[in-house]
Amino acid sequence: MIFSRYTCTKRFTLTYSIRNFASKHSPTIYALSTAAGKSAIAVIRVSGSGSKFVLESLGATKWDARKAILHSFRAQDGSVIDRGLYTYFPGPRSYTGEDMVEIHVHGGTAVVRAMLASIQALSQNGEIRYAEAGEFTRRAFDNGKLDLTQVEGIGEIIDAETELQRKAAVGPSGGHMHQLYRQWQESLLKQMGMLTALIDFTDEDIDSSDKLFSGVYKSVHNIRDQVAGQIKGIDQFEMLRNGASVTLIGEPNAGKSTLLNALVGRDAAIVSEVAGTTRDVMELTVDLRGHKITLSDTAGIREDSLDKIENEGIRRAKDKISSTDLLLLVLPLTEPAVSRDVVKTISRYGAGTPLIIVGTKPDLVENPQHKFNLMLRDIDLNYDTALTVNGCKKDGVSNLFDLISVQVNNMFDFKGIEPIGASHRVKEILKQEVLPGLDRALTIYKDAGNPDRITFFTEELRYAADSFGKIMGKGLDVEEILDVVFSSFCIGK
Ligand SMILES: Nc1nc2c(ncn2[C@@H]2O[C@H](COP(=O)(O)OP(=O)(O)OP(=O)(O)O)[C@@H](O)[C@H]2O)c(=O)[nH]1
Ligand SMILES: [Mg+2]
């Protein structure tokens, strides 16, 4: 028995020797699967043939599969660490395909630390070790529980920040894409089989061979169109994932940072009456009705500053303006006129970008709407909409959100195309390999005089079918893509 320290305590007599699994299997891994820090509940996952041993060492004696069992988890000296739940999933009916355990304890830092230390103390010669990033999912993949599109789908659903992203990612994480690609791949293989039969046709069969070939052509064409639709759907998803960038711009002291704070609902940016307070671009993300919006506060624009740091801030603001999706021009109603420096900057760096004009400090002037109308009348810029907002009191913030929402909805109007939460890797294979392969096949079909056209056609179908395999992680060059896929995972996944 390797773990002799357990035999010293009366409480536990371990019947499980780590030697039983260490020699034959990969190490048993464990990790905190919930986020680090204080929380109501923390989940620790264990996977590998030593899972049961780990539970036993924490005092467990019941092994009802897939049932939550209430238990007092104990340290090696027999003292109780915490009372919680564990679920034992004997392999292969588990997430990873191996024996697995999920332990739920209270999410206090001391509890989690003590639990992890107890498990870590079991490790001898690396038979039980802390999991690497993505290792649970990697094992699920290696054991055939998930294909690569599902692995990536799980990554996408964990990364989803908005409702729309979640909706687009839920299908792929549940294996929808896998089924679809398998279906397309199988259909291509079937068409290849039919073409092989054609080679055996004699001249008398010419009519039926033409019919068969044109049937194959139609099927391939159909798959080609669906693949093209998929690529568009993934494009839309990438747009959704990146979200829209909205940038606040205006002269110093205009009320940009005040407005940013009102929009995000907290004191994120420093606000002061000193002109030139904001220097760097400050970016904050909000979920606006399902869309991810990155709001950027910028340095006030003026051309006459002698301050080196402020000028660097203004340069960064200009950079931001040139790459943003929507501009919010912040106009303080307290100023006699619209800043020419600001108008010049927008015309130069933000021409063509949708623009909303926000009149600020309406509470500090008489008849603010009239003043605002006069400023709008004189402004030499094309803008989409305008409104006044008192950032300090948050008056008008909800109307501003409505206007931003209209612009963002225009931006994300996918004209009926559903966003598909697949990875960029999948999109690239579809775009660079599958689609060109199918297109080449369809072109070859039209080259009726080519005596080798059936052979070439079949070759292109094989190429496209192999590429579907690559998408699912079942083709050639799989090893090199695995590292790329799993490198984006965090510990405990
Ligand atoms: N009364 C009133 N004061 C406002 C309003 N918006 C901003 N202020 C005040 O105006 C001053 C400047 O506000 P900031 O938000 O720091 O202005 P800014 O545009 O970020 O300024 P810089 O960072 O210097 O470019 C602060 O004293 C704010 O409290 C408003 O709607 N009403
Ligand atoms: Mg500011």
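The following exchange discusses a predicted model and selected contacts within it.

Biologist: How many of the residues of strand β7 are buried?

Modeller: Strand β7 spans residues 244-250 and is largely enclosed by the rest of the structure. On one side Ala244, Val246, Leu248 and Gly250 are buried, and on the other Ser245, Thr247 and Ile249 are buried. Both faces are thus covered, and the count of buried residues is seven of the seven.

Biologist: Which residue in β9 stands opposite Ser245?

Modeller: Strand β9 covers residues 291-297 and runs parallel to β7. Four bridges join the two strands. Within this pairing, the residue opposite Ser245 is Thr294.

Biologist: Which residue of β10 stands opposite Thr247?

Modeller: Strand β7 is also joined to strand β10, residues 326-332, by five bridges. These two strands run parallel. Opposite Thr247 in β10 stands Leu327.

Biologist: What is the angle between the ring planes of Phe73 and Tyr86?

Modeller: The structure contains ten aromatic pairs. One of them is formed by Phe73 and Tyr86, with ring centres 6.2 Å apart. An edge-to-face pair requires planes over 60 degrees apart, and this pair is edge-to-face with an angle of 65°.

Biologist: How many residues apart are Phe73 and Tyr86 along the chain?

Modeller: Phe73 belongs to strand β3, residues 68-74, whereas Tyr86 belongs to strand β4, residues 80-89. The pair links distant parts of the chain, and the separation is 13 residues.

Biologist: Is Tyr86 buried or exposed?

Modeller: A residue is buried when its relative accessible area is under 20%. Its partner Phe73 has a value of 0% and is buried. Tyr86 has a relative accessibility of 1%, so Tyr86 is buried.

Biologist: Which arginine lies over the face of Tyr445?

Modeller: Tyr445 is part of a cluster in which ring pairs link it with Phe213, Tyr217 and Phe457. A charged side chain also lies over the face of Tyr445, at 5.3 Å from the ring centre. The arginine in question is Arg453.

Biologist: Over the face of which residue does Arg45 lie?

Modeller: For an arginine to sit over a ring, its CZ must be within 6 Å of the ring centre. Arg45 is placed at 5.3 Å from the ring centre, and the residue beneath is Phe136.

Biologist: About how many helical turns separate Asp142 and Arg138?

Modeller: The side chains of Asp142 and Arg138 meet in a salt bridge, with 3.5 Å from N to O. Both residues lie in helix α5, residues 135-142. Because they are four residues apart in that helix, the separation is about one helical turn.

Biologist: How many residues apart in sequence are the parts tied together by Asp402 and Arg289?

Modeller: Asp402 and Arg289 form a salt bridge of 3.0 Å, N to O. Asp402 lies in helix α14, residues 397-411, and Arg289 in the loop between β8 and β9, so the pair ties together parts separated by 113 residues.

Biologist: Which residues are linked with Asp319 in a network of salt bridges?

Modeller: Asp319 forms a salt bridge with Arg315, the closest N and O atoms being 3.3 Å apart. Both residues lie in helix α11, residues 308-323, four residues apart. Asp319 is partly exposed at 45% relative accessibility, and Arg315 is partly exposed at 42%. The network links Asp319 with Asp280, Glu312, Arg315 and Arg316.

Definitions and conventions: Residues are numbered from 1 along each chain as its sequence is written. Chains are lettered from A and ligands numbered from 1 in the order in which they are written. This is a predicted model: local features need pLDDT of at least 70, side-chain atom pairs count only at pLDDT 80 or more; totals for chains, interfaces and linings use all residues. Side-chain values use heavy atoms; hydrogens and water are left out. Buried means under 20% relative accessible area, exposed over 50%, partly exposed in between (1.4 Å probe, protein chains only). Two strands pair if DSSP finds at least two bridges between them. Rings of Phe, Tyr and Trp (its six-membered ring) pair if their centres lie within 6.5 Å; planes under 30 degrees apart count as stacked, over 60 as edge-to-face and the rest as tilted. A charge sits over a ring if NZ of Lys or CZ of Arg is within 6 Å of the ring centre and within 35 degrees of the ring normal. A salt bridge is a side-chain nitrogen of Lys or Arg within 4 Å of a carboxyl oxygen of Asp or Glu.
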